[in-house]
Structures are given as structure tokens and as C-alpha cells.
Amino acid sequence: MRRKSKWLYIPGIVILLWVFVLGGLRTSLGKVIAEEEVGRAYALRINDVLYAHGNIDIDSGIKLQQENQKDPAVFSITMRYMDAAVRSIALSQEFQTPNVDRYEKRLIRHVEKRAEEAKLTVEKEALYEVVADASHVLETYVEGLLDPWYISEFIPWAIPAAILYYYTITPFYALVLVLSGIVFWLLANKYNDWKTTGDMLLITCVISLICGIMIYGSSLWGANRLLGRSLQLSFWPFLSKSMILLGFGCFVRYFVSHKKC
């Protein structure tokens with residue numbers, strides 16, 4: 001009979017909470033920046049092309065702008081620039097422009113499809129030009145934010161935050177941490193039973209969800225304090241990551257209950 005040692009779950013719980021909660025924060029922050037800032041820059045330039053080659057009524061124009069502003073390709077571009085900027089700060093290196101060509105092409109395909117549905121004719125070459133221009137403006141803006149004097153004067157917490165971000169929740173290091181967490185969970189399960197493991201996963205899910213709610217609830221206040229403007233984080237990334245833990249916990253409990261039958 002195995003001697004139960006529930007304390008062995010603690011390192012695994014801490015690691016999973018760290019990755020899932022901060023990973024949710026990374027995704028949520030990227031989503032807000034993409035939709036509120038970066039997406040608007042791309043959408044307004046795309047509007048110039050759409051309006052130049054067709055008559056669009058106000059309602060259709062607003063609808064197209066919102067769809068282009070919230071396009072998934074814009075989110076992918078934003079995340080690449082976010083990670084590249086964080087890498088530059090964390091490693092004290094010059095900013096290296098990420099390759100976003102495939103996301104730009106994906107965005108253009110989506111815009112063309114929407115224009116076709118709206119019965120508009122657009123020049124593909126003109127779309128490439130305005131999308132490339134938006135990416136260039138984004139690059140210039142990010143490089144300006146990374147100026148050492150600007151960081152030291154206005155965002156002194158950026159360096160420790162960037163190091164924390166880069167070494168824990170960028171995709172590669174997040175995967176390393178998750179695998180480490182799994183090792184701790186397997187080690188803990190060696191001295192416990194699967195039912196306890198399922199319970200611990202469900203507890204981790206609840207804690208993750210509570211942390212997500214707290215971050216989401218305080219995001220408006222934090223944005224006003226740090227940025228001087230009102231920005232509300234998206235709650236969906238926190239919820240979706242908590243649901244992953246819930247799914248694993250329910251699966252383990254289901255597996256245990258059927259194994260006894």
C-alpha cells in the first residue's frame with residue numbers, strides 16, 4: 001500500500017498555475033493590443049483601398065472595418081511583435097523584426113474574401129502595399145518603445161517583467177515548464193492514487209479561474225494607472241486555459257470511477 005504524500009503535488013500545481021494564469025494574461029493582453037491598437041492601424045489603411053475602388057455604405061464600411069480590425073491574422077502579427085520586443089528587453093539585444101509575411105498574406109486573403117462577399121473590387125497590389133506600410137509603422141513604434149532612456153524613465157519595471165515573461169510564458173519555455181510540471185505530477189501520483197490526482201487537478205482549475213477573474217477584474221484599474229487609458233482585458237484566455245485543467249481533472253476522475261467498475 002502506497003503512503004500518501006499530497007505535498008508532492010505542490011510544485012506541479014504552482015508550475016501549472018504559473019504557466020496557465022500568466023499564459024492567459026499574455027494571450028489576453030495580446031488580444032486587447034491587437035484589436036484596440038494594431039488592428040485599427042491595419043483596418044484604417046485597408047479602408048483606403050476599399051473606399052478607393054468601390055462605393056460602400058456606412059453600415060457595410062463599419063462592419064468591414066470591425067472584421068478586419070479583429071482578424072485572427074492581426075492577433076498573430078501582434079503576438080510575434082510582442083514576443084520579439086520582450087526578447088529584446090530580456091536579453092538586452094537589438095530589436096529583431098519578426099517574420100510576419102505569412103500572417104500578412106493570410107490577412108490579405110481574409111480581406112479579399114470579405115470584399116468579395118460585399119461585392120467590392122480591390123487591387124491585390126494595393127492591399128499588399130497598405131498592409132506592408134502598417135507593419136512598417138508597427139515596427140517603428142515598437143522600436144521607439146524599446147529606447148533605453150524611455151524604458152528607464154517611464155517603465156522601469158519593464159526589464160524584470162520582460163525577463164519573467166520571456167523565460168516562463170513564451171511558447172518554448174512554457175512548454176519546458178509544463179513538461180516539468182507533468183514530471184512532478186507523475187512523481188506525486190506514484191505516492192498517491194489517481195483519485196487524489198484528479199482532485200488536485202480540479203483544485204488547480206478552480207485556483208486558476210479565481211486568479212483569472214482577479215486579473216480580469218483589476219485590468220481596467222491597472223490600465224488606467226499604468227497607461228493612463230481604459231483598456232479591459234479579455235476573460236476568454238483565462239477561461240479556456242482553466243477549462244483545459246477541468247477537462248484533465250474530469251477525465252482522471254472518470255477513468256478512476258470506470259476502473260473500479
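What share of the contacts in the chain with a separation of 6 or more comes from residues 24 or more positions apart? In this predicted model, such pairs account for 77% of those contacts, a contact being heavy atoms within 4.5 Å. Local features were required to have pLDDT of at least 70 and side-chain atom pairs pLDDT 80 or more, whereas totals for chains, interfaces and linings use all residues. Residues are numbered from 1 along each chain as its sequence is written, and side-chain values use heavy atoms, with hydrogens and water left out.

The chain holds 10 helices and zero strands, where helices (H or I, at least four residues) and strands (E, at least two) are DSSP runs numbered from the N terminus. Its C-alpha trace spans about 75 × 50 × 30 Å along the principal axes. Of the 261 residues, 41% are buried; here buried means under 20% relative accessible area, exposed over 50%, and partly exposed in between (1.4 Å probe, protein chains only). About 15400 Å² of the chain is exposed, and carbon and sulfur atoms supply 64% of that area, as computed by the Shrake-Rupley method with a 1.4 Å probe.

Helix α3 (residues 72–90) offers a good place to look in detail. Its end C-alpha atoms are 27 Å apart, which agrees with the 27 Å that its 19 residues should span at 1.5 Å a residue; the expected span is 1.5 Å times one less than the number of residues. Most of α3 is covered, with 15 of its 19 residues buried. At the N-terminal end of α3, Asp71 acts as a cap, placing a side-chain oxygen 2.8 Å from the backbone nitrogen of Ala73. This is a polar contact (a pair of N or O atoms within 3.5 Å; within protein, one must be able to donate a hydrogen and the other to accept it, and residues adjacent in sequence count only if both atoms are side-chain atoms).

Just after α3, Ser92 takes a positive phi of about 55°. Ser92 sits in the loop between α3 and α4 (101–117) and is exposed, because its relative accessible area is 67%. Lys119, likewise not a glycine, has a positive phi of about 60°. Lys119 belongs to the loop between α4 and α5 (124–145) and counts as exposed at 77% relative accessibility.

Another loop residue, Thr170, lies between α7 (158–168) and α8 (171–190). Thr170 counts as buried because its relative accessibility is 7%. The Thr170 side chain reaches the backbone oxygen of Tyr166 at 2.5 Å. Leaving aside residues up to four places away in sequence, Thr170 touches Asp83 and Tyr165.
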